[in-house]
Amino acid sequence: MDERSTAWRAVETASTGLPALSALFTAEPDRAGRLSVDVAGLHFDVSKTHLSQAVEAALAGLLSASGFESRRAALLSGAVVNPSEARAATHAAERGSGSGPAVAAAAEARAATRRLVERVEAGAFGEIRHILHIGIGGSALGPALLMDALGGEGVRYDTHVISNIDGVALARAMRVCDPARTLVVVVSKTFTTVETMTNAESARDWIGNAERFVAVTAAPEKAVAWGVARENVLGFAESVGGRYSLWSAVGVTAALSLGWAAFEALLAGARAMDTHFETAPGTKNAPVLAAMVDVLYAAFLGAETRAVFAYDERLRLLPPFLQQLEMESNGKRVDREGRALTHPSAAITWGGTGTDAQHAVFQLLHQGTHLVPAEFVMVKTPGHGLGVAHHRQLLANAIAQGAALMRGRTTEEALAMSGGDMALAAAKTFQGNRPSSAIVLETLDPHTLGALIAFYEHRTFAAAVLLGINPFDQWGVELGKEMARAALNSSAGEGFDASSQALLARLL
Ligand SMILES: O=P(O)(O)OC[C@H]1O[C@H](O)[C@H](O)[C@@H](O)[C@@H]1O
């Protein structure tokens, strides 16, 4: 058996018959302190998970048997870490971290982005009030998160992120924007994505020309050929994956709307997390610790999903952003060498906003039959000036949910509340022992948000190393795209199954 298989077996052994969470706390008085990390204005606490000391040691063994340190070094130095596309993954270089030629290239591209922001501010495109940011997937979710989270009162433009090919999204934005005062930012790494190109064409028809268009792409020639003036085309490297790209020129709409200083602070926060990820020892390395928990539940304890709840309205777009980051990265069926995985890949990521989610989906978390590790993301300072009552309630709820999931309610306690009615007592019983973790931001600002997003990126990478998979490709999105083209081009639906043919006949 090779070293990795042996280490995998050791995690299996260590994670069999784990004590209950309450027992882990009893056995270890300093558990909350030991399994917490503070870095870059963020506090991470994974103590309410089943990461026992034995499991943690076994997972550390698996990390080292998986070559984690050399893989991390390869990532940060710009070596090829995405074998199926023969590419590096240089998102850290986009914010000035790591080494290799990508760092200087990114700095140059950033200077060009800054010049464009300054040109817009200086009136090169006339008086701009609205921005239509057209892009999808990684070219939309990150920028949308940044602007929704940080775009408070000081926001400089009325900004709309348009992703769906369903024209309803663009038509709605057109209704509220003045075409003569609108800047269109078309973001597409490939500049071929059908949703983005279709929306961009409709926007060009609406405005009448492409003069007030900016393009952000890794294929600048395509943008020029499409009609965007060369000086309005911002590039970024092929080695920056869409879901990792918000640090590059892809973030230009956010930089415009939040201001350049905010964008720089975002990158600085991410750099602080990069340094932590590169240097902090295993058990005090927040992304590594979180990845250990993710892999423990997904690959060893049978959790098919994990749930993220943003207990802050400003972070409501965090769950959809993480869905792409985590599921497109680690939702794979083969390992890095192309061999079928013999264990589950990453969990399905889902979630919502607290406290709304409590009144909709938490029933299943507390009493359903699925194991769902929950993650509560909180911000200490409120994003409004309405007085302390709202925020104290909000945070108390987040903390109470984690405590309740762990503690539960015994049948005896439930019986005492149920007047001896056994069926009612059963319905009121909570098994408890349900895991959760907490992430607390001291305040929500560009720096802490940058650190938070970089934390999630590195966590995804560390989980991929533990799982043995390549997190930087996404071949699984291709087949559906090809078949959509075929569906449009074949009137009789040749090559489609009978059900799909009937739907094609009905709809197209
Ligand atoms: O930026 P683009 O090339 O337009 O790609 C937009 C998105 O679509 C693809 O299908 C991928 O699944 C995503 O990873 C990508 O972010």
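Which residues in H8 meet which residues in H15? In this predicted model, Leu141, Gly142 and Leu145 of H8 meet Leu318, Pro320, Phe321 and Gln324 of H15. Classified by residue type, the contact of H8 with H15 contains five nonpolar, two polar and no charged residues. The axes of helix H8 (residues 141–150) and helix H15 (residues 318–330) come within 9 Å and cross at roughly 155 degrees. Angles over 145 degrees count as roughly antiparallel, and H8 and H15 are therefore roughly antiparallel to each other. Their crossing is left-handed.

A further helix pair is formed by H1 and H4. Helix H1 (residues 3–14) packs with helix H4 (residues 53–65) at an angle of about 165 degrees, the axes being 8 Å apart. This geometry makes H1 roughly antiparallel to H4. The crossing of H1 and H4 is left-handed. On the H1 side, the contact is made by Glu3, Arg4, Ala7, Trp8, Ala10, Val11 and Ala14; on the H4 side, Ala54, Val55, Ala58, Leu59, Gly61, Leu62 and Ala65 take part. The residues of the contact of H1 with H4 comprise 11 nonpolar, one polar and two charged.

The strands described next belong to two sheets. One is an open sheet of five strands in the order E4-E3-E5-E6-E7, with parallel pairing. Strand E4 (158–162) and strand E7 (233–235) occupy the edges, each with a single partner strand, so one side of each is left without a neighbour in the sheet. Neighbouring strands of this five-strand sheet are turned by 15 degrees against each other on average, direction ignored. Within the sheet, strand E3 (residues 130–134) and strand E5 (residues 182–187) run parallel and are joined by five bridges. His133 has Val185 of E5 as its bridge partner. Helix H7 (residues 101–121) packs on the sheet, where H7 touches E5, strand E6 (213–217) and E7. The direction of H7 makes about 155 degrees with that of E7.

The other sheet is also open and consists of six strands in the order E1-E2-E11-E10-E8-E9, with mixed pairing. Its edge strands are E1 and strand E9 (348–353), each of which pairs on one side only. Neighbouring strands in this six-strand sheet are turned by 15 degrees against each other on average, direction ignored. Strand E1 (residues 36–39) and strand E2 (residues 42–45) pair in the antiparallel sense over four bridges. Ser36 stands opposite Asp45 in E2, and the bridge partner of Val37 in E2 is Phe44. E1 and E2 form a hairpin with two residues between them; in the turn, Ala40 has a positive phi of about 50 degrees. Helix H20 (residues 446–467) lies across E2 and strand E11 (436–441) and runs at about 35 degrees to E2.

The surroundings of the ligand were also examined. The ligand is surrounded by 14 residues, of which the closest are Gly137, Gly138, Ser188, Thr193 and Gly242. By class, the shell around the ligand divides into two nonpolar, nine polar and three charged residues.

Technical notes: Residues are numbered from 1 along each chain as its sequence is written. This is a predicted model: local features need pLDDT of at least 70, side-chain atom pairs count only at pLDDT 80 or more; totals for chains, interfaces and linings use all residues. Axes are lines fitted to C-alpha atoms, for helices over the stretch in contact, and angles run from 0 to 180 degrees between N-to-C directions. Angles under 35 degrees count as roughly parallel, over 145 as roughly antiparallel, 65 to 115 as roughly perpendicular and the rest as oblique. A crossing is left-handed if the near helix is turned anticlockwise from the far one by less than a right angle, and right-handed if clockwise. Two residues are in contact if their C-beta atoms, placed from the backbone, lie within 7 Å. Ala, Val, Leu, Ile, Met, Phe, Trp, Tyr, Cys and Pro count as nonpolar, Asp, Glu, Lys and Arg as charged, and the others, Gly among them, as polar. Two strands pair if DSSP finds at least two bridges between them. A residue is near a molecule or strand if its C-beta atom, placed from the backbone, lies within 6 Å of it.
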